[in-house]
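Here are my notes for your review. Please read them with the coordinates open.

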Amino acid sequence: MPHSRRALIKASGITAVGLGLSGCIGDSDTDDGDHGEPVEDIELSVTTADFDPLRHEMALLTSAQWEELGFTVDIETYSLAAFIDKILPPSEIHAAVDLWTGGVERIDPHQWLTNLYHSSHSGGGSGFNYTQYENPEYDQLADAQRATLDVEARRELVFECQEIIAEDQPATIICHPTMVMPYNSDRWSNPVVSVGEGLRSFWNLLEIEPAAGVTEFRYGYPADAERLNPLEQGTATGRRLMRQLFDPLMRQDAEGEPIPWAAEEVEIVDDETISVTLRDGMTFHDGEPVTIDDVYFSYNYHVEHNATFADLIEGVDNMSIEGENGIVFELDQPDAVFLFGGMTQTPIIPQHIWENVPDEADVDEPIDWRDEQARIGSGPFKFLEWRRGEVLRFEAFEDHFQPPTYEVFSYVPGSDTGALSRALEQGNIDMLARTPSVDAIPQLEALDHITMTTTENTGFYQVGYNTQVAPFDDRAVRRALAYAVPKQEIVDTLLDGHGIVSHSPITSALPWNNPDVKQFNLDLDAARDELSNAGYTWDDDGQIHYPVEPED
């Protein structure tokens, strides 16, 4: 349900905090009536408060500041599924407060710099550029960093990319929140806390140790699983579930370094050639053997059908099978991302199942296939049951070369983090896979059977703007709005200090972060200057107007 933040403030008498109103709206030299058209109402999209109260409060605080600049803001709330459908390219949003979830696969800068900002990932591409940002200079730099293997030379290009997006503000990065995740330490011990993922990591779900007699790990998250298809992993939840069912050739360890997994050996022959030997004895969950032909088929199939990770492997120019278990990848140019991202993220799928999809399945594209056969992989877990809205269960695949330490993994969706915090407190789940509310953290910390874990986050909160829609197609407007996002207040008040104010999508905890990018902190005077210098004016009611159109 939309509502205007300005209307709420006027009705309640609330005054926005931290405004710095040394310059008042309406102090324009333009005579009343000598204005362009009024700027349209801004629709600010966000998930519901039940799903993520922090994100919703960020939208309220931000909209209050934008209203002070003369904009009218309508906050539109959506369920997580509806929100994702709305923002993914081709995006239907005006602006959105969202959280890009971190993960070990997002340590490499390419994951943010290309997927979020490269023009090839807007308008329905395979990435997540819902801001529809297009900048040829930026694209050239983003492509160059991917093709640069020397770390220092690549870092310089990555720094330049961050400078451009900081100046252009297709999205305003708010902060990188600290990940605080609780678990039941009476039932489980020795968790594996991974960089960027905390307790949600693949390694924790594989290796956490159960107490005597404990056979089921109950994983709580405030949203149901949406899709179980290895080709469609557009959500972080989808990726985490699919990597339990499917094996890639390599995985990233708890520190984010790529290591052989389904591959017995990986040899970098030269800058454009990688030789891989597949493990002996692997089988899919239906008992069929995993062969090097399945690997060859998988890499072709993912690119052919524009799967989620297709862009990470589209640089493969040729593949050749050598012997029973060998395959050689020849790249069209050096690619820093193929080893780190492509080989660690691309799931091996069974050719004997997928070669008949979509021709013999009732779908137009394989990415839409929902049959249970789509869930047959070779990973350490295999699909057991899915009662939507109640529980999704996987069972240990005992024939795997590294089976899990317990029998059943249960994904338990909750209505919100508050309900899941209570479920954890009462012993009904074993882990909350999301940071609890600020109020719930000390309550959980006080319980003897609960242990809290913290880790740096590679994910971040941001406000994204659809750069192809007015007024966000104007760089001056985006920069002005960036000056009106109360980042420090959000970290101090909403996150209770559990986060770091940020100005780049790449966290300062990583060596890829450029600390010298343009910083946009709360400064409404600077925001008004941006707008005024671009020709925007204000009427006597404080409503902002577009620059006056020149006469013909």
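The points below take the main pocket and then two helices.

1. Provenance. This is a predicted model. Every value below is computed from it.

2. The largest pocket. It encloses about 450 Å³ of space. Its lining comprises 20 residues. L149, D335, A336, L339 and F340 lie nearest the centre.

3. Who builds the lining. Helix 6 (151-168), strand 12 (263-270) and helix 11 (336-345) each contribute at least two residues. Helix 11 gives the most, with 3 residues. By class, the lining of the largest pocket splits into 11 nonpolar, 7 charged and 2 polar residues.

4. Helix 9, geometry. Residues 292-304 form this helix of 13 residues. From first C-alpha to last it reaches 19 Å, close to the expected 18 Å. Just after helix 9, N306 adopts a positive phi of about 55°.

5. Helix 9, packing. Its buried residues are I292, D294, V295, F297, S298, Y299, Y301 and H302. They pack against three strands, 13 (273-278), 14 (316-322) and 15 (326-331). Helix 10 (310-313), helix 11 and helix 12 (351-354) are also packing partners of these buried residues. Helix 11 thus appears twice in these notes: it packs against helix 9, and it lines the largest pocket.

6. Helix 17, ends. At the start of helix 17, a side-chain oxygen of D523 comes to within 3.3 Å of the backbone nitrogen of D525. Just after the helix, G535 has a positive phi of about 100°.

7. Helix 17, packing. In this helix (524-533), L524, A526, A527, R528, E530 and L531 are buried. These residues pack against helix 2 (53-68), helix 15 (475-483), strand 23 (537-538) and strand 24 (544-545).

Technical notes:
Residues are numbered from 1 along each chain as its sequence is written. This is a predicted model: local features need pLDDT of at least 70, side-chain atom pairs count only at pLDDT 80 or more; totals for chains, interfaces and linings use all residues. Side-chain values use heavy atoms; hydrogens and water are left out. On a 1 Å grid over the protein atoms alone, a cavity is a set of points where a 1.4 Å probe fits but cannot get out, and a pocket is an open set with protein on both sides within 12 Å along at least five of seven lines; lining residues have an atom within 4 Å of a point. Grid points are joined across faces, edges and corners, and a volume is the space filled by probe spheres set on the points. Helices (H or I, at least four residues) and strands (E, at least two) are DSSP runs, numbered from the N terminus. Ala, Val, Leu, Ile, Met, Phe, Trp, Tyr, Cys and Pro count as nonpolar, Asp, Glu, Lys and Arg as charged, and the others, Gly among them, as polar. Buried means under 20% relative accessible area, exposed over 50%, partly exposed in between (1.4 Å probe, protein chains only). Contact means heavy atoms within 4.5 Å. A polar contact is a pair of N or O atoms within 3.5 Å; within protein, one must be able to donate a hydrogen and the other to accept it, and residues adjacent in sequence count only if both atoms are side-chain atoms. The expected span of a helix is 1.5 Å times one less than its number of residues.
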